[in-house]
Amino acid sequence: MSIQFDPSSSPRPPRPAATVVLLRAARDPGGAATIFMLRRSAKSPFMPDALVFPGGAVDAGDGPVASDEAFVAAARRECLEEAGVDLGARALHWFDTWVTPSAEPRRYEARFFLADLAAGEASDAAADGHETVEGRWATAEEILAQWAAGAVDLPPPTLCTLLRLADARVDGLRGLAAAAVREPLLPKGLLLPGPDGEARLAVVLPHDPEYAQLPGEAAPMPERAQDLPLRLIRDGVIWRPWPRGEG
């Protein structure tokens, strides 16, 4: 992964975006719910080859700029376009908001929504074959096992969300009110020397002790995110929480 990171550049305004966690109930009582994930194309200029939830940028046709309605409309549209899943009028639970660090050239303010699906629903969900090239249903634990083995790359917000879902905190995510998630989580970027002498990129969250001293746009750590790792470090081809044993 090439590092595009310049803390001295003027920050670009983040583009509104929406992401949907499709959570499908287990067929058997007591079984684990499955999540639909997409692998981005290796040719994509943003997060190439990463495993992500369906989502994308808010378009002008989704509604008034930066309105709650536009984010929700974008979530429904992107889910249909990227995964072939029509959410209709079902409720979407807004549970998180992430903003890309200001040192990054491509920035988004992404709202994360949770959509509950019945067992067996959306069995025909699939990648669009352009931006995404593979789709899969799997439990959070299964996806994290593949990530730990280095088989899949998970962007920091995706990884943090899966860590929460694997800890069975989904009911807490559903219960968050809009007022609790409107305040964005704004990490900072940091280049660290690697063991091979090459720079490694770290994503530093606001509760990290070094956050306040680092250059870049800053924001307080939202209460909902206090349980997340202090930072995530690019380790070869994947991101890992720091300290390494966390998560």
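**Helix α1 and the fold around it**

Modeller: Helix α1 covers residues 68–83, 16 in number, and its first and last C-alpha lie 22 Å apart, close to the expected 22 Å at 1.5 Å a residue. This is a predicted model, where local features need pLDDT of at least 70, side-chain atom pairs count only at pLDDT 80 or more, and totals for chains, interfaces and linings use all residues. Residues are numbered from 1 along each chain as its sequence is written, and side-chain values use heavy atoms, leaving out hydrogens and water.

Biologist: What makes α1 a helix?

Modeller: Helices are DSSP runs of H or I with at least four residues, while strands are runs of E with at least two, numbered from the N terminus. With 16 residues, α1 qualifies. The protein has five helices and eleven strands.

Biologist: Which residues of α1 are called buried?

Modeller: Buried means under 20% relative accessible area (1.4 Å probe, protein chains only), exposed over 50%, partly exposed in between. A70, F71, A74, A75, R77, E78, C79, E82 and A83 of α1 are buried. Contact means heavy atoms within 4.5 Å, and these buried residues pack against β1 (15–24), β2 (34–40), β4 (55–57), β6 (108–117) and β7 (132–138).

Biologist: What follows α1?

Modeller: G84 does, with a positive phi near 75 degrees.

Biologist: Why does the radius of gyration agree with a compact globule?

Modeller: The radius is taken over C-alpha atoms, and the rule is 2.2 Å times the number of residues to the power 0.38. For 247 residues that gives near 18 Å, and the protein has 17 Å, so the two agree. Buried residues make up 49% of the 247.

Key. The expected span of a helix is 1.5 Å times one less than its number of residues.
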